[in-house]
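Let's take a walk through this structure together, one stop at a time. Have the sequence and the 3D view ready, and turn the view as you read.

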Amino acid sequence: MKSGKKSSLVASEIAALWNTYESDSLAICMFKHFLNNVDDRKTRNLIEKAKQLSESHIEDIKKIYDEENLTVPIGFGKDDLDEKAPRIFTDVFYLFYLSDMAGFGIDGYSLFNRYIARPDIRDFFITCIKDACDLYREVADLMCEYGVFSKSPRVEV
């Protein structure tokens with residue numbers, strides 16, 4: 001592709017971006033609920049970071065879809081969230097949720113990347129992988145600090 005013009009998105013790229021948009025829009029709703037109820041400052045900071053990452057992904061995907069003249073997914077939004085819903089989870093649950101979501105992100109973005117031809121889309125998902133790894137590290141560190149990290153059994157050698 002020597003002309004500098006980007007090739008059109010292929011089905012796997014559109015699907016990966018769509019899936020990421022849907023997942024991140026749902027995560028934003030969850031994070032908003034968590035932020036309305038979280039007590040621990042360190043946990044709050046990680047939820048805010050995760051929310052910002054999801055919002056950044058959404059904006060990047062909207063830009064890509066707009067440039068490609070594709071319909072931006074609807075995703076989840078304010079109509080799917082009751083801002084006044086009472087707390088139903090503990091701060092420790094929020095950490096486990098963040099840990100799982102970061103782990104799923106690492107796995108999912110890595111899988112998507114195997115089917116991405118266009119360099120700019122590959123770069124987007126590589127950035128997503130890095131973001132998910134960084135978030136996971138921070139969450140795992142806090143879970144270890146609080147003594148709630150689920151460690152594998154020890155094996156005597």
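A good place to begin is with two helices that run side by side: α3 and α4 are roughly antiparallel to each other, because their axes cross at roughly 155°, and an angle over 145 degrees counts as roughly antiparallel. Those axes come within 8 Å. If you look at the way they pass, α3 goes by α4 in a left-handed crossing. To find them on screen, look for α4 at residues 119-146 and for α3 at residues 91-113. Please keep in mind that what you are viewing is a predicted model.

Now step back and take in the whole chain. It holds four helices and zero strands, so the order of elements from the N terminus on reads simply α-α-α-α. The C-alpha trace spans about 55 × 50 × 20 Å along its principal axes. Of the 157 residues in the chain, 38% are buried. What share of the contacts with a separation of 6 or more comes from residues 24 or more positions apart? The share is 80%.

Some of those links along the chain can be seen in the aromatic rings. How many aromatic pairs does a search of the whole structure find? It finds twelve. One of them joins F34 and F93, whose rings are edge-to-face, with 6.3 Å from centre to centre and 90° between the planes. Because F34 sits in helix α1, at residues 11-35, while F93 belongs to helix α3, this pair ties together parts that are 59 residues apart in sequence. The two partners have their own surroundings: F34 is buried, as its relative accessible area is 0%, whereas F93 has 30% relative accessibility and so counts as partly exposed.

F34 has another ring partner, Y97. This pair is also edge-to-face, with the centres 5.1 Å apart and 90° between the planes. Here again a residue of α1 meets a residue of α3, so the pair ties together parts that lie 63 residues apart in sequence. Y97 counts as buried, because its relative accessibility is 15% and the limit for buried is under 20%. If you follow the ring pairs onward, you arrive at a cluster that links F31, F34, F89, F93, Y94 and Y97.

Let's stay with helix α1 and visit S25, which is found there. Is this serine buried or exposed? S25 is buried, since its relative accessible area is 4%. What does S25 touch, leaving aside residues up to four places away in sequence? Its neighbours are I58, G75 and F76. With F76 there is a polar approach as well: a polar atom of the S25 side chain lies 2.8 Å from the backbone nitrogen of F76.

Our last stop is S23, which also lies in helix α1. S23 has a relative accessible area of 42%, so this residue is partly exposed, while S25 is buried. Where along the chain would you look for G105 if you started from S23? The two are 82 residues apart along the chain, yet their C-alpha atoms are separated by 9.5 Å.

Key
Residues are numbered from 1 along each chain as its sequence is written. This is a predicted model: local features need pLDDT of at least 70, side-chain atom pairs count only at pLDDT 80 or more; totals for chains, interfaces and linings use all residues. Side-chain values use heavy atoms; hydrogens and water are left out. Rings of Phe, Tyr and Trp (its six-membered ring) pair if their centres lie within 6.5 Å; planes under 30 degrees apart count as stacked, over 60 as edge-to-face and the rest as tilted. Buried means under 20% relative accessible area, exposed over 50%, partly exposed in between (1.4 Å probe, protein chains only). A polar contact is a pair of N or O atoms within 3.5 Å; within protein, one must be able to donate a hydrogen and the other to accept it, and residues adjacent in sequence count only if both atoms are side-chain atoms. Contact means heavy atoms within 4.5 Å. Axes are lines fitted to C-alpha atoms, for helices over the stretch in contact, and angles run from 0 to 180 degrees between N-to-C directions. Angles under 35 degrees count as roughly parallel, over 145 as roughly antiparallel, 65 to 115 as roughly perpendicular and the rest as oblique. A crossing is left-handed if the near helix is turned anticlockwise from the far one by less than a right angle, and right-handed if clockwise.
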